[in-house]
Amino acid sequence: MKIRTRLLLISLVPMVVTALVVAITSLYFSRGYLNDEQETILKVAIEGYSGDVNAFQDQGVDITVFEGDTRAESSIDGVVGTKASDVVIQKVIKEGQEYFDTDVNVQGTAYYGYYIPTDGGMLFAGKPQTVVQKNLNSLILYVVLICVVFVAAFGVLAVMFSRSMAKRIIGISQSIKHIADGDLSFDYSATQVGKDEIGDMNSATKLMSKNLTDVISATAEISQEVNSSSGELKSTSESTLTTMNEVARAVEEISIGLQNQNDAVQGIATSIGRINGDMSGIKSSAIEISNSSVQLDTSSTHMKEKMVSMSESNQKVNGSIEGISDRIQNISGVIESVKGIVSVIGDISAQTQLLSLNASIEAARAGEAGRGFAVVAGSVSDLSEDISHQVTDISNIIATLVQDFDECIRTIEETVIDSKEQKKDIDSVLVEFEKLSAEIAETNSKVQFISRSIDKSVTEVSTITHEVKELTSISENSATSAEEVTASVEEINTMMNTVSDTAESLNDKAVKLTEQLKVFKL
């Protein structure tokens, strides 16, 4: 059953039930009013009797004069000489009381009758039940017409109301479905906005979609930048490793040359020239390493800022999701209120069923005169059963809706947990960046140390040119410097390998984040 039909039933059923209850109550009190009115009319007719039994024929009232318990004169044909009933004789003649009855049998014709005692007998004023029944039927028709007009008018309002509310609820349902499917490009311009809770839900859905769009767009941009920066970092680390390998080879050549100096003094000049060339290469490599370290530090700082921004965006997403959870909790409260209303409708249906049963009993007591009323009571009973079935269906629908909202809340909670796990990953990346920055600073320090060592080696080589006699001492110093350079190169290689692994890990995480964001369509 569609939501529009459900809302229409919720609006119309109480009105129809109310109209029937009002009609039945009005008819009940109208019958009592007619009985009192007829009693008053008949009493006035008797009190106005002036000796002419036909004086009130134009008003439908018959007059009968009794001598003792026998009809002596009457405007009713064929009743003169007949006697009154035992009840009338007992009440009026013997006890001297005035007596009114709605079912007086006068020669087979039912009358509304009023008796008063007189000195010689009693007076009777009566009106046939058929005349009174015509008035009652007119009143019933009037009440039914009013109820029909009432139900029709409010039915039109209920249709308009249910159609408008259903349209707004369907709009919100479609919006939430698009968001759940990851389609954030849905056009909200066609949805209706109001000043009630449904309008607030609609506005909150629009705001949630906008916030998610902004957050996911920013996250995608950051992911792309992280991916690009990690690639550059990996490339830089590989270039640095290549340079360090070249430095290692150059240092190894220096070490071999120093070892050969003790065996071949004649090759000192050649060795010194080679050393000078190697030192120039080392100096250039040190400068390149220093520049790469500065660039790597700059990239690391930029990526760290992006990750911090991503962490803040993640917190904003969590806040938006918690707001959605609060809205759904509010909707659950509204559903509980609707359940209360449905329960009240069920109580009204049960009371209507009881009222119908009582009406059927009264109609059975009335016999032939109550047959029409019994038909009405049966119709009311059938309607009450239909209402009871509808209330059961609505209760089942509400239970299903509550279950769906619970499932939605569980999904949101799982999303929040995943978001928190993502924040942990981002925080872990930030820690790795902190370590990377420290390692880059240490690398830069080692490069400066290499530069100083190279300057020292160049000075020592110049000294070798001017002081051949100190060749042995200078060779030992150069060997020591070469060993230090070798140790430094090995340490730099180790750090560069760490930087390369970190860059590769960061690149994998950026790719994973990009794949996760592809579920959303902006």
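A residue is called buried when its relative accessible area is under 20% and exposed when that area is over 50%, while a residue that falls in between is described as partly exposed. In the predicted model examined here, Val 156 has a relative accessible area of 49% and is therefore classed as partly exposed. This residue is found in helix α3, which comprises residues 129-180. Val 156 also contributes to a nonpolar surface patch of about 480 Å², which is made together with Phe 150, Phe 154, Leu 157 and Met 160.

Apart from this helix, the model contains an open sheet of 5 strands, in which the pairing is antiparallel and the strands follow the order β2-β1-β5-β4-β3. The edges of the sheet are formed by β2 and by β3 (99-106), each of which pairs on one side only. When direction is ignored, neighbouring strands of this sheet are turned against each other by 35° on average.

At one end of the strand order given above, which begins with β2 and β1, the pairing can be followed residue by residue. Strand β1, covering residues 62-67, and strand β2, covering residues 70-74, are paired in the antiparallel sense over 4 bridges. Within this pairing, Thr 64 has Ser 74 in β2 as its bridge partner, and Phe 66 is matched in β2 by Arg 71. The two strands, β1 and β2, form a hairpin with 2 residues between them, and in the turn Gly 68 has a positive phi of about 70°. As a general point for reading such strands, the side chains of a regular strand alternate between the two faces of the sheet.

Definitions and conventions
Residues numbered from 1 in each chain as written. Predicted model: local features only at pLDDT ≥ 70, side-chain atom pairs only at ≥ 80, totals over all residues. Heavy atoms only, no water. Patch = residues over 30% accessible without salt bridge, like charges linked within 9 Å, V, L, I, M, F, W, Y side chains within 5 Å. Areas by Shrake-Rupley, 256 points an atom, 1.4 Å probe, with all protein chains shown as cover. Salt bridge = Lys/Arg side-chain N within 4 Å of Asp/Glu carboxyl O. Buried < 20%, exposed > 50% of the residue type's maximum accessible area, 1.4 Å probe, protein only. Pairing = 2+ DSSP bridges. Axes fitted to C-alpha atoms, helices over the stretch in contact; angles between N-to-C directions.
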